[in-house]
Every structure is written in C-alpha cells, then in structure tokens.
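Welcome, and thanks for taking a look at this one with us. Please open the sequence and the model side by side before reading on.

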Amino acid sequence: MPAAVVIVAAGSGTRVGGDVNKVLRPLGDTTVLGHSVRAVLDVADVTRLVIGVRAGDEDAVGAAVAPLLGAGEARLVVGGATRHATEWATLQALADEVDAGELDVVAVHDGARPLAGAALFEATIAAAREHGGAIPVVDLPGLLGRDLRPALSGLAGVQTPQAFRAAPLLDAHRRAAADGFESTDTAACFERYTDLPVVAVHGGAANLKVTFPEDLAVAERLL
C-alpha cells in the first residue's frame, strides 16, 4: 500500500543567520530542503509528499522544489507556530486518504536534515509497517554530565524521518488536538495516544540537522 511523507519546513532557522528560512539556503546544486525532496522521490512506494511551510514562504518553497519534482507532486500546507502545529496541519491534508485506507504509513521528516537519504526513509517506513512506529537513532558518545563526569553509556540521539502507521498516527493527533497536547516530536505524540511499539532503526552521524552556519559547511563536505 502507498505511503506518504510529510516534510516539516515551517521554521525560521535564525541561528543559521540571514533572513531566509534555513531550508531554502543553498546546498550543493539545490537547497537544504531540496535534498530531502529528492530522497523522498526516490522511494518507490511513496505516493504523497506534503511540505509544511511558514506563511509567506509558499512561493519560495514552491520555486525551490518545482525543478526537482519531474512527474511527481508536492503539496504545500501552511504550518503553525510550533513544530507540532505544523505537523498537525500537514496530517489534516492527508486525513481523507488515511481515513479511506488509501495510505498505510506516514513518515515525518525535518526539512533541516538534508542528508537522510532514500534508504533511511525506506527502512523507517518498512519498520513502521511491521511494528507500528519507527525512529532513526544514533549513539551519542563522549557526553559529559553536569558534574563534568562521563554520562551514562547507552545514550542515543533521535533523528528523522520518523514513520508510523497512518491511521493510529492521525488518531493520536486528533486526540492531542482535543487535549491541547503538543509534543516535541512525532514519536512522543504517537506513544502517548497509542499502544503500538516504536522501534529504533539505525540512523547515522551524516544525518545531521542544519542548526548553525558551520552545519552547512559540514553538509557540503559530506555531499
């Protein structure tokens, strides 16, 4: 059954610098966002791509992704003031297809992670189909506690794309909206309102999030 991908790209990215949304910053031969769009288009069973954008960025985002789409399509949805609000707006755009049983999995990706790659999308979607939910994780070695002693081993960083069975995810967000609950990432909402397991898949250090100016330089080198 087809899957859908949501790319959350409604932030401002002020820490990167400049007055342009960081997902629209140049990176290689496209933009930060463009690399995620390319990866999604390379996943065979993804038939819907929805991008949550900041109000006022619609034309700029559309212009950035249009040359990459070919025969594909991307729907732009104006997001909200928070990541959770933007995610909820994009899921509502998919609600009719999810309710009709036409989509079985939705993957949610942070548009500021340009190097996730198609293989990671495929792995998280496959794991979500099998288990209910899936998130990429990466070990976090070398951390220090507040007392400057090494932190406990086994710590892991959570990345995106995070993928979940579509109907339970939509129901979780509907219940969160009714409760006024906002989560920091998709998995937190899914785990709060469903009994389905969320499993880890292997992420990687290359799947960095562009937060500071130096992250763009690192991403350029990794390309």
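Here is a short briefing on the cores, salt bridges, a pocket and one peptide bond.

Please keep in mind that this is a predicted model. Its largest nonpolar core has 32 residues, and a second, separate core has 22. Salt bridges come to a count of 8, and the second largest pocket holds about 280 Å³ of space.

**Nonpolar cores**

- A helpful background point is that nonpolar side chains tend to be buried together in soluble globular proteins.
- Within the largest core of 32 residues, the members with the most contacts inside it are Val5, Ile7, Leu33, Val37, Ile51 and Ile125.
- At least two residues of this core come from each of strand E1 (3-9), H1, E4, helix H2 (58-69), strand E6 (105-110) and H4.
- Helix H4 gives the most to this core, with 6 residues.
- If you would like one residue to centre your view on, try isoleucine 125: leaving aside neighbours within four places in sequence, isoleucine 125 is in contact with Ala3, Val43, Asp45, Val46, Val105, Ala107 and Ala163.
- The second, separate core of 22 residues includes Ala93, Leu94, Val98 and Phe164.

**Salt bridges**

- Arginine 129 and aspartate 45 meet through their side chains in a salt bridge, with 2.7 Å from N to O.
- Arginine 129 lies in helix H4 (residues 118-131) and aspartate 45 in the loop between helix H1 (32-41) and strand E4 (46-53), so this pair ties together parts that are 84 residues apart in sequence.
- Both partners are partly exposed: arginine 129 has 29% relative accessibility, and aspartate 45 has a relative accessible area of 25%.
- Glutamate 87 forms a salt bridge with arginine 83, and their closest N and O atoms are 2.6 Å apart.
- Both of these residues, glutamate 87 and arginine 83, sit in helix H3 (residues 83-99), 4 residues apart, which is about one turn of the helix.
- Glutamate 87 is buried at a relative accessible area of 1%, whereas arginine 83 is partly exposed at 24%.
- Shared partners also link salt bridges into one network that joins Asp45, Asp104 and Arg129.
- Arginine 38 and aspartate 29 make a further side-chain salt bridge, at 2.9 Å from N to O.
- Here arginine 38 counts as partly exposed, at 31% relative accessibility, while aspartate 29 is exposed, with a relative accessible area of 60%.

**The second largest pocket**

- This pocket encloses about 280 Å³ of space.
- Of its 15 lining residues, the closest to the centre are Thr47, Arg48, Leu49, Glu73 and Ala74.
- H1, E4 and H3 are the elements that give two or more residues to the lining.
- The largest share of the lining, 5 residues, comes from strand E4.
- Sorted by class, the lining has 9 nonpolar, 2 polar and 4 charged residues.

**A cis peptide bond**

- Threonine 160 and proline 161 are joined by a cis peptide bond, with omega at about 15°.
- Where is proline 161 found? Look in the loop between strand E8 (156-158) and strand E9 (162-165).

How values were computed. Residues numbered from 1 in each chain as written. Predicted model: local features only at pLDDT ≥ 70, side-chain atom pairs only at ≥ 80, totals over all residues. Heavy atoms only, no water. Salt bridge = Lys/Arg side-chain N within 4 Å of Asp/Glu carboxyl O. Buried < 20%, exposed > 50% of the residue type's maximum accessible area, 1.4 Å probe, protein only. 1 Å grid on protein atoms, 1.4 Å probe; cavity = no way out; pocket = protein on both sides within 12 Å on 5 of 7 lines; lining within 4 Å. Points joined across faces, edges and corners; volume = space filled by probe spheres on them. Nonpolar A, V, L, I, M, F, W, Y, C, P; charged D, E, K, R; others polar. Core = buried A, V, L, I, M, F, W, Y, C linked by side-chain atoms within 4.5 Å. Contact = heavy atoms within 4.5 Å.
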